[in-house]
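I'm opening a fresh notebook page, and you are welcome to read along. Here are the sequence and the model I will be looking through.

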Amino acid sequence: MSSLLNEGESLGAFIERYRSMELLRFLTCGSVDDGKSTLIGRLLHDTDRIYDDHRKALEEDSKVHGTQGGAVDLALLVDGLKAEREQGITIDVAWRYFSTARRSFIIADCPGHEQYTRNMATGASHCQLAITLIDARHGMTRQTRRHAFIASLLGLPQMVAAVNKMDLVGWDESRFRELERDFLAWCARLGTPEPMVVPISALHGDCIVHPSTNAPWYRGPTILQLLEGVPVMTPSADAPFRLLVQHVIRPSLDFRGFAGRIESGSVAVGDRVQVLPSGRQTRIARIARDELSGGDLQFVAAPSSVLVTLADEVDCSRGDVITCVGGVGGSQQPAVCTSIEADLVWMDETPLVAGASFLMRIGTRTVPATVVRIRYVVDVDTLGQHVRDSIEWNEIGRVDIVTQQPIVVEPYRNMRALGALILIDRVTNATAAAGMVRSGDPHEPSPRRAHWMTSPAPTLDPPASRGAGEALERAARWRQRPAAILLFGAPKSGKTRRAFAIERHLWQQGHAAVVIDGQALRSGLSRDLTFSDEDRSENLRRAAEVARLLLDQGMVVILSMVAPQPSARDLARDLIGTDRFLAIDCGEASGDDAAMLRDVEAFIRPDRTPGAG
Amino acid sequence: MQERRWTHLDELEAEALHIIRDAAACFERPVLMYSIGKDSTVLLHLALKAFWPAKPPFPLLHIDTTWKFREMISFRDETARRHGLDLRVHTNPEGLRQGISPITHGSRVHTDVMKTQALRQALEAGRHDAAIGGARRDEERSRAKERIFSFRDRNHRWDPRRQRPELWNIPNTRVHGGESMRVFPLSNWTELDVWLYILQHRLPVVPLYLAKARPVVERDGLLIMRDDDRLDLRAGERVQERLVRFRTLGCYPLSGAVESSADTLEKVVEEMLRARTSERQGRLIDHDQSGSMEEKKREGYF
């Protein structure tokens, strides 16, 4: 093993260098025999990071357990547990640590057998980069596609595919290019950032630390060059401020401090903040720190663990979130809600069924929660979404969750710390699922909707294509069938007032609704039209065309139009589609707004039989 | 505005503080396992920092096998006194009565009775549902799979197949009565990180880590310090004064010294940077048999 000290480097110079070195956390994944352990062993070996006593133990182990005919088997360096070594499999995520002159690394070594989904999701939740092993002989397998999918689901910003065992395909460039194309195409479908693909032989050490003479056609970086070269993602001080309160510290009546980690952004003494979920506002009084560590701070940024005091006596305890008001990112606030939509990686052997209750931990808050609905299960091989009643072990699905107390959430892709959650089985205490919040519903569910959500899943056809999938997704997200509601009648018949009332009511139920007001159209789109019956009909036609576009996006559109000619209303009905069109005559309507609301709600229910309207 | 740039030691510190605070908040009767060594020194410093200006909301527990170096014991008592901490010391009374010793009974029996069983007794007596310890994953191969929040059943056993997946920084801290959790805030630290942190914060350490002329005997290829006269000399053995220090500290008859002239923290770090062998090489306890640390963990060894 070589020294970390450079030739002639003083300790002081080393410490400065080491302290300023960045830390990269990455994971390795692959199927059972793809050579993952060998790759890690090779990384340690070729960077000369193996202690002499470990090397000696390795040489002895290789004779007994090795697969290299008594020669040194680098895989044994990392295959940790005795039980595993005997069975030749890796049971669980193993963590490795090593440094080079440039960087420190933490490796999450994720095994690729039956529990791969759970292990890979676990590893990925701590990492920013994934190295997926592909056996050059076998090419992309189900497993490879799944690894990339999980990496994209967990939001890993960097992907690397290492095409291993190139020596066994004679370092054939065309074979490598074929696999490279396959992998890039799959990642493009997933929408992940473009990955790097590297040809390697872990067994012989090609392109791991040292470039290979076997692949003169490959001019890209080696694995180590990549690891040392990719930018390390650190939380930005410019992001919105989020402090997740872990613990209240009260040594005396004079001091009440809130301890926790700043997961995002930064804060300074005097900044205006609010405590969620209560929404109470105050200012940061102190960023307290002991004298030995240098005393109080004026400013502090993520990802520090800190202790703050607040200017006013506001209620704040474990599970609360302190956010900024105004300033950087002040306009982006988490939702406070009891209903969320999330992607789950199911990790329990007992399948998930709708109606099951758990403890849910999100941030530092733990609340009782119920999965009220399974929207679909993803077929990881085709990315198809299947409406199913259960999510099985190692499957991934989209669900609706209702919590017993309000929680503070943000979409996972915007704010990991408030979008990541786990579900805990209340009987076994097992971690049943990892979840990523898609959206938080800012409205309390009404009794009616809660009833609806626990009813059987609607009979929606599986999507035939990505486009159809999105329309389905939108409709499912808003729990509505896209529809156009035409309120027509003479001027002053109350159309517009009712249109806005319906819109507001639908919003409050969590639907996505929008009003198109005929009068407002005349200020722009229909500026050329007069108030003749013909032009009023033309105005309706234009409104209907706009409505059709919005319907395709899954919206409920409320049209408020004079529309005096029955023929024009029929035209609009044809344009939009009979099943999606409901006309209400405000001249005739008795004035019973409640009845009208009920009709509209019935019409947009996802489980309404088409044609019943 | 930012006072200095974020370094990877800062990151490890912030992560450890987060873990310690969660452990304190999520368990009813946590305890900090204080074993006096360098890792415990960092752990205790972080625990003090995590709850400042209050005291840590848990006691310190030391499992005393009665075979620790005398300097360790005086350092322990001085540390607890200086910080005004609630230090609880436990020795297995059974083992004491049977006169279990690493010299006559061997490291395996000694470790089982005086450490593993003693720890169980102390955790049960204190009804502790969480024990915070200073173990690191890079110490030993079987530790590489250890969780930060590591679940133990009612018999304090660690089952690698029943460990919970740990996602993001959201630990699942739920346990039923009698079950417990071992919590390892320094999981992601390396030996080098620990020493650099000690150096950076000028933390006091047991003087045994620094080189000094000490009475040692050569035994089974290790340099064993004769800390008291309980270490009987075998035929042909003789006590020599040699300039030595220790990379890890445990029971003195089981801890091998290394010859060294590193008598300051700086020199220790420099020596470690040039080391070609791992810190555990000087520990008899790990060399009983292949996979021995794994076996001990399954039985409830820390």
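How much area is buried between chain A and chain B? I looked this up before anything else, keeping in mind that the model is predicted. The area buried between chain A and chain B comes to about 7100 Å², and carbon and sulfur atoms give 56% of that area.

**Entry: the contact between the chains**

I next looked up who takes part. Chain A brings 86 residues to the contact and chain B brings 75 residues. I find four salt bridges between chain A and chain B. One that I noted down runs from Asp22(B) to Arg361(A), with the closest N and O atoms 2.7 Å apart. Polar contacts between chain A and chain B count 25 residue pairs, both residues being at pLDDT 80 or more. On the side of chain A that touches chain B, α1(A) gives the most, with six residues. I also sorted that side of chain A by class: 44 residues are nonpolar, 22 are polar and 20 are charged.

**Entry: a salt bridge, and the places of its partners**

I then searched the whole structure for salt bridges, and the search gave 59 over all chains. From these I picked Glu15(B) and Arg25(A), whose closest N and O atoms are 3.2 Å apart. Why does this pair join two chains? Glu15(B) sits in helix α1 of chain B, residues 8-26, and Arg25(A) sits in strand β1 of chain A, residues 22-29, so the salt bridge links one chain to the other.

**Entry: Arg17(A)**

Where does Arg17(A) lie? I found Arg17(A) in helix α1 of chain A, which covers residues 11-20. The side chain of Arg17(A) makes a polar contact of 2.8 Å with the side chain of Glu9(A). When I set aside the neighbours within four places in sequence, Arg17(A) is in contact with Leu4(A), Asn6(A), Glu9(A) and Ala101(A).

**Entry: an open sheet in chain A**

I moved on to the strands. Strands of a sheet pair through backbone hydrogen bonds, in either a parallel or an antiparallel way. In chain A I traced an open sheet of four strands, in the order β25-β26-β24-β27, and its pairing is parallel. At the edges are β25 (513-517) and β27 (581-585) of chain A, each paired on one side only. On average, neighbouring strands of this sheet are turned by 20 degrees against each other, direction ignored.

I looked at one pairing in more detail. Strand β24 (residues 483-488) and strand β26 (residues 556-561) of chain A run parallel and are joined by six bridges. In this pairing, Ala484(A) stands opposite Val557(A) in β26(A).

Which strands does helix α14 of chain A lie across? Helix α14, residues 533-552, lies across β24, β25 and β26 of chain A, and runs at about 170 degrees to β26(A). Helix α16 of chain A, residues 593-604, packs on the sheet too and touches β24, β26 and β27 of chain A. The direction of helix α16 makes about 170 degrees with that of β27(A).

**Entry: a barrel in chain A**

How many strands close into a barrel in chain A? I counted six, in the order β7-β8-β13-β11-β10-β14, with antiparallel pairing. From one strand to the next, the twist averages 50 degrees. Within the barrel I followed strand β10 (residues 272-276) and strand β11 (residues 280-287) of chain A, which pair in the antiparallel sense over four bridges. Val273(A) stands opposite Thr282(A) in β11(A).

**Entry: backbone details**

My last search was for cis peptide bonds and positive phi values. Most residues other than glycine have a negative phi, and most peptide bonds are trans.

- A cis peptide bond joins Leu276(A) to Pro277(A), with omega at about 10 degrees. Pro277(A) belongs to the loop between β10 and β11 of chain A.
- Another cis peptide bond joins Trp52(B) to Pro53(B), with omega at about 5 degrees. I found Pro53(B) in the loop between α2 (38-51) and β2 (60-63) of chain B.
- Leu383(A) is not a glycine, yet its phi is positive, near 65 degrees. The loop holding Leu383(A) is the one between β18 (365-378) and β19 (385-386) of chain A.
- Lys492(A), also not a glycine, has a positive phi of about 70 degrees. Lys492(A) is in the loop between β24 and α12 (495-508) of chain A.

Terms used:
Residues are numbered from 1 along each chain as its sequence is written. Chains are lettered from A and ligands numbered from 1 in the order in which they are written. Side-chain values use heavy atoms; hydrogens and water are left out. A polar contact is a pair of N or O atoms within 3.5 Å; within protein, one must be able to donate a hydrogen and the other to accept it, and residues adjacent in sequence count only if both atoms are side-chain atoms. Contact means heavy atoms within 4.5 Å. Two strands pair if DSSP finds at least two bridges between them. Axes are lines fitted to C-alpha atoms, for helices over the stretch in contact, and angles run from 0 to 180 degrees between N-to-C directions. Buried area is the accessible area (1.4 Å probe) that two parts lose on being put together, summed over both. A salt bridge is a side-chain nitrogen of Lys or Arg within 4 Å of a carboxyl oxygen of Asp or Glu. Ala, Val, Leu, Ile, Met, Phe, Trp, Tyr, Cys and Pro count as nonpolar, Asp, Glu, Lys and Arg as charged, and the others, Gly among them, as polar.
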